[in-house]
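Student: Could you pick a single part of this model and take me through it slowly? I'd like one connected story rather than a list.

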Amino acid sequence: MKRLEIEQFICRNDNYGVLIHDPESYLTAAIDAPDERAIMEALEARGWSLDFIFTTHHHQDHVDANLALKQKLGVTIIGPEGEKEKIPGIDRTVKDKDSFTFGLFQIEVIGTPGHTAGGISYYIPDAKTVFTADTLFSLGCGRLFECPPPVMLHSLQKLIKLPPETAVFCGHEYTQSNARFALSVDPDNAALKERAAEVQHLCANDLPTLPTTIAKEMATNPFLRWHDQRIRRNLGMMEASDKDVFAELRKRKDNF
Ligand code: ZN
Ligand code: FE
């Protein structure tokens with residue numbers, strides 16, 4: 001039986017560092033490299049040595065430790081073809097629909113532009129896990145720094161086609177503030193109210209609200225619910241296109 005071990009830990013202020021480890025091959029990878037010290041401590045705590053960094057996008061808070069970890073540990077850095085010039089130390093590029101092996105696991109690359117123009121997510125079918133960084137958050141989605149709303153919408157549409165039980169790891173612990181916005185546009189959603197209460201309890205106890213799942217997000221995350229009649233009524237957009245509803249949600253969140 002294949003088993004992927006996953007270690008998630010807070011880095012910087014609200015970034016997540018994640019290590020994945022295949023106990024059969026003894027390979028370890030970091031999903032992004034927000035903070036050298038936090039990653040080194042997590043490796044030491046588990047007794048793992050780092051072989052790879054899988055970069056999702058070029059933002060500083062996701063690549064900050066690339067060069068230091070490469071120098072110290074000789075890691076191989078894999079990242080998005082479309083952002084290769086902006087990713088320090090990158091060795092190998094991948095793009096949408098590529099896949100590569102990591103020990104016993106196959107890793108599938110999903111192109112998820114929107115937050116940045118070349119950003120990617122890493123999906124591991126045999127671990128029922130996806131790493132979406134700043135594309136999909138729990139109860140939110142990334143800001144649109146480099147792309148218009150329909151590009152992000154298309155990326156999110158790809159992610160929600162993954163099996164509902166897929167675990168979703170995200171780049172930041174933003175869930176509590178996302179919940180406040182979500183409730184403002186979808187106040188009568190019972191699943192959302194329940195999740196918001198859970199999130200409040202977790203945060204009050206300094207516990208992570210992640211990973212989430214695709215199913216949970218589809219029931220609660222307004223940025224995946226552009227089709228929902230109650231949200232549309234609240235926005236006064238009953239007849240609008242999915243694109244326009246999504247763009248309006250993103251605009252309101254930016255100004256929330
Ligand atoms: Zn980012
Ligand atoms: Fe980020």
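Tutor: Sure, let's start with the iron ion (ligand 2), whose donors follow the spacing D-H-x71-D-x37-H along the chain. A donor here is an N, O or S atom within 2.8 Å of the metal (3.2 Å for Na, K and Ca), and water is not among the atoms, so sites may look incomplete. Before going on, remember that this is a predicted model, where local features need pLDDT of at least 70, side-chain atom pairs count only at pLDDT 80 or more, and totals for chains, interfaces and linings use all residues. Residues are numbered from 1 along each chain as its sequence is written, chains are lettered from A and ligands numbered from 1 in the order in which they are written, and side-chain values use heavy atoms, leaving out hydrogens and water.

Now put names to that spacing: Asp61 (OD), His62 (NE2), Asp134 (OD) and His172 (NE2) coordinate the iron ion (ligand 2) at 2.1 to 2.4 Å. The angles among these four donor atoms run from 84 to 170°, and the site is irregular. That word is the leftover class: four donors are tetrahedral if all angles lie between 85 and 135 degrees, while four are square planar and six octahedral if opposite donors are over 155 degrees apart and all others between 65 and 115.

Two of the iron donors sit side by side in that spacing, so check their surroundings: aspartate 61 has 17% relative accessibility and counts as buried, and histidine 62, at 1%, is buried too. Buried means under 20% relative accessible area, exposed over 50%, and partly exposed in between (1.4 Å probe, protein chains only).

Next comes the zinc ion (ligand 1), with His57 (NE2), His59 (ND1), His115 (NE2) and Asp134 (OD) as its protein donors, 2.2 to 2.3 Å away. Its four donor atoms make angles of 83 to 170°, another irregular site.

Spotted the shared name? Aspartate 134 bridges the zinc ion (ligand 1) and the iron ion (ligand 2), and the two ions lie 3.1 Å apart. Histidine 57 is in the loop between β4 (52–54) and α2 (60–63), and aspartate 134 is in the loop between β10 (129–133) and β11 (136–137), so the pair ties together parts 77 residues apart in sequence. Those labels come from DSSP runs, helices being H or I with at least four residues and strands E with at least two, numbered from the N terminus. Both ends of that tie are tucked away: histidine 57 is buried at 3% relative accessible area, and aspartate 134 is buried at 4%.
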